[in-house]
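Me: I am new to this structure and would like a close look at one part of it, followed carefully from one element to the next. Please choose a single place and explain what surrounds it.

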Amino acid sequence: MTQHIRIFDTTLRDGEQSPGASMNSAEKLRLATQLESLGVDTIEAGFPAASDGDFEAVSRIAKKLKTTEVAALARTSVNDINRAWEAIQHAARPKIHTFIATSDIHLEYKLRMSRDEVVQEAINAVSYAKTLTQEVEFSAEDGSRSDRDFLCRVFEAAIEAGATVVNLPDTVGYAIPHEFAELVSYVKEHTPNIDQAVLSVHCHNDLGLATANTLAAIDAGARQAEVTINGIGERAGNTSLEEVVMATQTRPNWFTMNTRVKTELIYPTSRLVSMITGIIVQPNKAIVGANAFAHEAGIHQDGMLKNPMTYEIMNPETIGLSRNKLVLGKHSGRHALHEHLKEMGYDLTDAELNKVFKRFKDLADKKKQVMDEDMEALVAEEILRTKEIFKLEYMNVTSGTTVMPMASIQLSVNGRSIKGAGYGNGPVDSAFNTIAKLSGTSSELLRFSVSALTGGTDAQGEVTVRLREDGLVALGRGSDPDIITASAKAYINGLNRLEYLKENPVTSAQAV
Ligand SMILES: [Zn+2]
């Protein structure tokens, strides 16, 4: 009989801890809706005690989702647990996720607590959370570097206190697959009441082994995997959802268990995450990278034409990689647009819909077919934006083989229009120089990249920038059929995100 592997998605919590990946609450809500459609079992929506912004986002997600469990992270303090509960109390299926470190190095240098004190702290936190809600997950931070017997002792106490899931994190990405599998087996054998809880694992990718460790743990008896879309997360990231799901799906003879994820939504979800966070997926990334499917490379074409299975272990359609998904055309009306956006998970007000409809008509005039990717980009720009301090009102750029590139730009700064012009090494450089001058920013441009949203020469250009100011890093993105305009939009979006970050700093509070 096929056993079920629970998928616990932490894109909104651990994923958000990626440098520069902060999302605002409208963006988080959109992503949570998509994750619910994708079919994950639990969505970790955030860390409510970390900031008011996080609290608000978790609370909105909790109210919105209908079927998926919504988890909130909390340290073991009563205050953290209360904040977590306040944020998720209206969820259809709430869960409190509390954690404390169990490795000697953390006990000695970070917590300054004895092992007995840590056990008591875990018991207190789980028991208290249990008085608020039925579903409680307990994590032993730095579990993979903890003393095995102590780990079992903490898990036993947490389960005794009412934890329904116990999670074994490889917080620092130190484990090796065989060793990690052995640890999971050890925990299963030496925690007397382990059958009363789900054993979960949470891996990081510092050695490139997060997926391998997670799959080894599943083989050894873990029944929940904690993952993020595209593997985003602190440092080298977390285990990637799409890799774990497709490994179990593609190798059913090896893995006798499966997940409930609707694989055909993997690619659209990956796109959405990269669009919202501005973190581009590397082309050779497994499953969702642009080069992930052999038929794109053209090298093995002969064999591919004879039988795709010669070089392709997965069918691209399985992950929803259908490039030509026509959504709407030039003649589509307001109602059709509204219906389509609702299906995508956007609840727009009339005013928002009017804005999007106008942009859609403009785009449909320039581009014959408007794809799902275009609609996501458009809504992301019009609706999901953070409060816009800077706004592009007008831009004219001249460039060519015989003229010096020059940009004239009108920018609105806090509602006040200002104009200026400037030169540069090329059209993008001249536009950026002028915007920098008008906005008065002291930020530094760390990265600039351009890609096409869909195929064809009329495709929209998608530009991502990475900016740094006073130690804060923000990503900005913009799309437009004109890549100079897309670049200016991306730069301005990055500046707005920097302002947002200054007001809502992402706390570096240690977490699992
Ligand atoms: Zn983590």
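Reply: What follows describes one strand, then the elements beside it, and ends with a brief look elsewhere.

The model is predicted, so local features are described only where pLDDT is at least 70 and side-chain atom pairs only at pLDDT 80 or more, while totals for chains, interfaces and linings use all residues. Numbering starts from 1 along each chain as its sequence is written, and side-chain values use heavy atoms, leaving out hydrogens and water.

The place to begin is strand E2, which covers residues 6-9; strands (E, at least two residues) and helices (H or I, at least four) are DSSP runs numbered from the N terminus. Arg6 and Phe8 are on one side of E2 and Ile7 and Asp9 on the other, and since all four are buried, both faces of the strand are covered. Here buried means under 20% relative accessible area, with exposed being over 50% and partly exposed in between (1.4 Å probe, protein chains only).

Strand E2 has pairing partners that can be followed in turn, two strands being paired if DSSP finds at least two bridges between them. With strand E9 (residues 224-227), E2 runs parallel and is joined by 4 bridges, and in that pairing Asp9 has Val227 of E9 as its bridge partner. With E3, E2 is also parallel, joined by 2 bridges, and there Phe8 stands opposite Thr42. The chain goes from E2 through H1 to E3 in a β-α-β crossover that is right-handed, a term for a path from the first strand over the helix to the second that runs clockwise with the strands pointing away from the viewer.

The helix on that crossing, H1, spans residues 25-38, and Ser25 has its place in it. Because its relative accessibility is 11%, Ser25 counts as buried. Leaving aside residues up to four places away in sequence, Ser25 touches Glu56, Ala57 and Arg60, where contact means heavy atoms within 4.5 Å.

Beyond the crossover, Phe47 lies in the loop between strand E3 (42-46) and helix H2 (52-64), while Phe99 lies in strand E5 (residues 94-101), so their pairing ties together parts that are 52 residues apart in sequence. The ring centres of Phe47 and Phe99 are 6.5 Å apart and the planes stand at 75°, so this pair is edge-to-face. Rings of Phe, Tyr and Trp (its six-membered ring) pair if their centres lie within 6.5 Å, and planes under 30 degrees apart count as stacked, over 60 as edge-to-face and the rest as tilted. Both residues of this pair are buried, Phe47 with a relative accessible area of 4% and Phe99 at 3%.

Elsewhere, the count of aromatic pairs by this rule comes to 5, and Phe432, Phe448 and Tyr491 form one aromatic cluster. There is also an open sheet of 3 strands, in the order E13-E14-E15, with antiparallel pairing. Strand E13 (390-398) and strand E15 (416-423) are at its edges, each with a single partner strand, so one side of each has no neighbour in the sheet. Strand E14 (residues 406-413) pairs with E15 in the antiparallel sense over 8 bridges, and Met406 has Tyr423 in E15 as its bridge partner.
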